[in-house]
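Biologist: I should like to go through this model term by term. For each label, please set the value against the cut-off and then conclude.

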Amino acid sequence: MRHLRRWLLPALGLGQFLLIRTRSLDQRSALIAGALVEILLLALASRQLYIAWRAYQQERAAGHNLWGALEDGFAVLMPRSVARIAVLEPRLWYCLIRWVTRRRADSISFGYQRRALIGPVLILAILTLPVELLAVELLAPWAWLRIVLGISCVYSLFWLAGFYASVQVLPHQLEQEQIRLHFGAFAEGVVPYQQISGIVLERRRTPGGRDGLQVAPSGNAAYLGTGSRTDLTLHLSTPLALIGLRGPTRPVRTICLAADDASALAHALAQRTNLVVMHGAAQAPHHLAIGLQLRPLLTHH
């Protein structure tokens, strides 16, 4: 029933459009039907907006961050995947403004952007944009097509700039009770310190050599990598899911993440978890890394 309500509002709008286009009713009947559809649309939209606002307030009161609360609010109005995309758009604008104004995270943070390829890609896109716009102007045969393609070129540049900005202003953050992991605005995860059972300094290749949030084919580990690799591995006492653009991943017991200063991040986590930082071999096999269990920190270091 909940999924039906999400699609009812656009279905009513589509029904009204079809009534107007097909002219299947006489003028008087069409006016009455149109008025009824308008009333239903207004009532349903008002109810859905109220439910969305209440969902947002409840999520914020529970301590969830702004963007997660907005997504939950939008999810009342539309499918979750669409809500996630809808929230991503203003979040990229927000990150872009924070980057331009040089506002950074207030909590203790650790970046991961040093090996990221998005910076060179953004520079290349800026340099080639005039050439793309000129090619569109010369090759597109219709004015409306030139406008659409030109807007698409500029809009894609905004997305690249927003992605780059989000990588800069959304680092891994050490909070009071948890570490908040990021891959720009496209992936996020919250790991309570009490659920970390192991910290291993090691370099691993990401699955397929790709960047961003990925889950290993075996399903035992999640990767937040840049430059096709990660620098630090966290073993968890209970499985946790990370959240990406497609939604939550399957719960995993191992999280491999990139960090520009992995050693500093590892020791900061060790101080909060009373664990010893272990050093694994570069490109350690997955089964070997899983076997590295850490002991509580018995001495001050």
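Biologist: Why is L139 called exposed?

Modeller: The model is a predicted one. L139 has a relative accessible area of 70%, and exposed means over 50%; L139 is therefore exposed. L139 belongs to helix α5, residues 118–139.

Biologist: What makes L134, L138 and L139 a nonpolar patch on the surface?

Modeller: Members of a patch need over 30% relative accessible area and no salt bridge, and nonpolar side chains are joined within 5 Å. L134, L138 and L139 form such a patch, and together they have about 370 Å² of accessible area.

Biologist: How do you know whether A185 is buried or exposed?

Modeller: The relative accessible area of A185 is 10%. Buried means under 20%, so A185 is buried. A185 lies in the loop between β3 (178–183) and β4 (187–192).

Biologist: Which residues are in contact with A185, leaving aside its neighbours within four places in sequence?

Modeller: They are L88, R91, L92, S166 and L170, where contact means heavy atoms within 4.5 Å. In addition, the C-alpha atoms of A185 and E89 are 9.8 Å apart, although 96 residues separate the two in sequence.

Biologist: How do you know that β3 and β4 pair?

Modeller: Pairing requires at least two bridges. β3 and β4 run antiparallel and are joined by six bridges, so the requirement is met. Within this pair, L181 stands opposite G189 of β4.

Biologist: Why are β1 and β10 said to stand at the edges of their sheet?

Modeller: The sheet is open and has six strands in the order β1-β2-β3-β4-β9-β10, with antiparallel pairing. β1 (108–110) and β10 (247–248) each have a single partner strand, so one side of each lacks a neighbour in the sheet.

Biologist: What makes β5, β8 and β11 paired strands?

Modeller: The cut-off is again at least two bridges. β5 (residues 196–205) and β8 (residues 229–240) have seven bridges in the antiparallel sense, and I199 has L234 as its bridge partner in β8. β8 and β11 (residues 252–257) have five bridges, also antiparallel, with V252 of β11 as the bridge partner of L240. Both counts meet the cut-off, so both pairs qualify.

Biologist: S228 and N274 both have a positive phi in a residue other than glycine. Which of the terms buried and partly exposed applies to each?

Modeller: S228, with phi near 70°, lies in the loop between β7 (221–225) and β8. Its relative accessible area is 16%, which is under 20%, so S228 is buried. N274, with phi near 55°, is found in the loop between α7 (262–273) and β12 (277–279). At 47%, N274 falls between the limits of 20% and 50% and is therefore partly exposed.

Biologist: Which residues touch the most other members of the largest nonpolar core?

Modeller: Of its 52 residues, I179, I196, I199, L232, L265 and L269 do. Helix α6 (residues 143–169) gives the most to this core, with eight residues. Nonpolar side chains tend to be buried together in soluble globular proteins.

Biologist: What are the totals for the chain?

Modeller: The chain comprises eight helices and twelve strands. Of its 301 residues, 41% are buried. The exposed area is about 17300 Å², of which carbon and sulfur atoms supply 63%. Among contacts with a separation of 6 or more, 65% involve residues 24 or more positions apart.

Notes: Residues numbered from 1 in each chain as written. Predicted model: local features only at pLDDT ≥ 70, side-chain atom pairs only at ≥ 80, totals over all residues. Heavy atoms only, no water. Helix = DSSP H or I, 4+ residues; strand = E, 2+ residues; numbered from the N terminus. Buried < 20%, exposed > 50% of the residue type's maximum accessible area, 1.4 Å probe, protein only. Areas by Shrake-Rupley, 256 points an atom, 1.4 Å probe, with all protein chains shown as cover. Core = buried A, V, L, I, M, F, W, Y, C linked by side-chain atoms within 4.5 Å. Patch = residues over 30% accessible without salt bridge, like charges linked within 9 Å, V, L, I, M, F, W, Y side chains within 5 Å. Salt bridge = Lys/Arg side-chain N within 4 Å of Asp/Glu carboxyl O.
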